[in-house]
Amino acid sequence: MDNPPSGTPEQGELFPDPLLGAGLDGMPDQLVGFRGPTACQVVGITYRQLDYWARTGLVMPSIRGAAGSGSQRLYSFKDVLVLKVVKRLLDAGVSLQNIRVAVEHLRRRGIRDLAGITLFSDGTTVYECSSPEEVVDLLKGGQGVFGIAVSGAMREISGSIKDFPVERADGGSVDETPEDELSRRRARRAIS
């Protein structure tokens with residue numbers, strides 16, 4: 001896989017793309033994340049897989065790693081996106097060795113860059129395409145059996161992850177979406 005151009009921005013805000021909505025509380029993605037069980041549910045993997053991938057360095061949480069019994073890993077949105085891509089590559093039969101190469105490449109990219117990438121694989125090698133011309137060239141050459149549009153995975157995750165709790169790395173609370181009038185009325189009736 002090609003290296004990203006120098007000057008590629010680092011990981012940005014949670015859901016920085018206008019298609020995905022604004023960030024949570026304006027907090028940078030490095031400060032707000034999701035616990036392991038949430039990442040598992042959103043991605044469709046077991047906690048055992050998540051733990052193995054973290055311990056072997058395949059996809060480690062970028063916000064907070066495990067620090068002993070009872071500690072909770074905290075995964076950024078980008079981490080969850082990479083987990084989703086890993087799962088799709090594994091489901092397609094790509095070897096773990098080739099997935100590791102692809103993951104390392106994805107880690108170096110900013111999240112905005114990832115939204116423009118489509119990964120193709122012939123089941124052995126993973127190819128990156130960021131333009132329709134590159135896709136056509138790849139398919140003309142006989143490579144590429146299946147593709148993963150990273151932006152599609154991003155939209156899928158952002159649609160489902162909003163229903164899960166987020167946590168700040170510093171332990172502070174993240175303000176929930178402001179209540180609407182109907183919710184406030186229901187809450188008042190429930191208390192009375």
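Tutor: Let's start with a pair of helices: helix 3 and helix 7 (residues 150-161) pack with their axes 10 Å apart, at an angle of about 120°. Axes here are lines fitted to C-alpha atoms, for helices over the stretch in contact, and angles run from 0 to 180 degrees between N-to-C directions.

Student: Why is helix 3 called oblique to helix 7?

Tutor: Under 35 degrees counts as roughly parallel, over 145 as roughly antiparallel, 65 to 115 as roughly perpendicular, and the rest as oblique. About 120° falls in that rest, so helix 3 is oblique to helix 7.

Student: Which residues of helix 3 and helix 7 make the contact?

Tutor: On helix 3 they are F77, V80, L81, K84, V85 and R88, and on helix 7 they are V150, A153, M154, E156, I157, S158 and I161. Contact means heavy atoms within 4.5 Å. By class, that gives nine nonpolar, one polar and three charged residues. Ala, Val, Leu, Ile, Met, Phe, Trp, Tyr, Cys and Pro count as nonpolar, Asp, Glu, Lys and Arg as charged, and the others, Gly among them, as polar.

Student: Hang on, what sort of model is this?

Tutor: It's a predicted one: local features need pLDDT of at least 70, side-chain atom pairs count only at pLDDT 80 or more, and totals for chains, interfaces and linings use all residues. Residues are numbered from 1 along each chain as its sequence is written, and side-chain values use heavy atoms, with hydrogens and water left out.

Student: Back to K84, then. Why does K84 count as buried?

Tutor: Buried means under 20% relative accessible area, exposed over 50%, and partly exposed in between (1.4 Å probe, protein chains only). K84 has 9% relative accessibility, so K84 counts as buried.

Student: And what joins the side chains of K84 and E156?

Tutor: A polar contact of 2.8 Å. The term needs a pair of N or O atoms within 3.5 Å; within protein, one must be able to donate a hydrogen and the other to accept it, and residues adjacent in sequence count only if both atoms are side-chain atoms.

Student: What else does K84 touch?

Tutor: Leaving aside residues up to four places away in sequence, K84 touches V42, V43, A153, E156 and I157.

Student: Where do V42 and V43 sit?

Tutor: In helix 1, where A39, V42 and V43 meet V80, L83, K84 and K87 of helix 3. Five residues of that contact are nonpolar, none polar and two charged. The axes of helix 1 (residues 36-43) and helix 3 come within 10 Å and cross at roughly 45°.

Student: What makes helix 1 oblique to helix 3?

Tutor: That roughly 45° again lies outside the other ranges, so helix 1 is oblique to helix 3.

Notes: Helix = DSSP H or I, 4+ residues; strand = E, 2+ residues; numbered from the N terminus.
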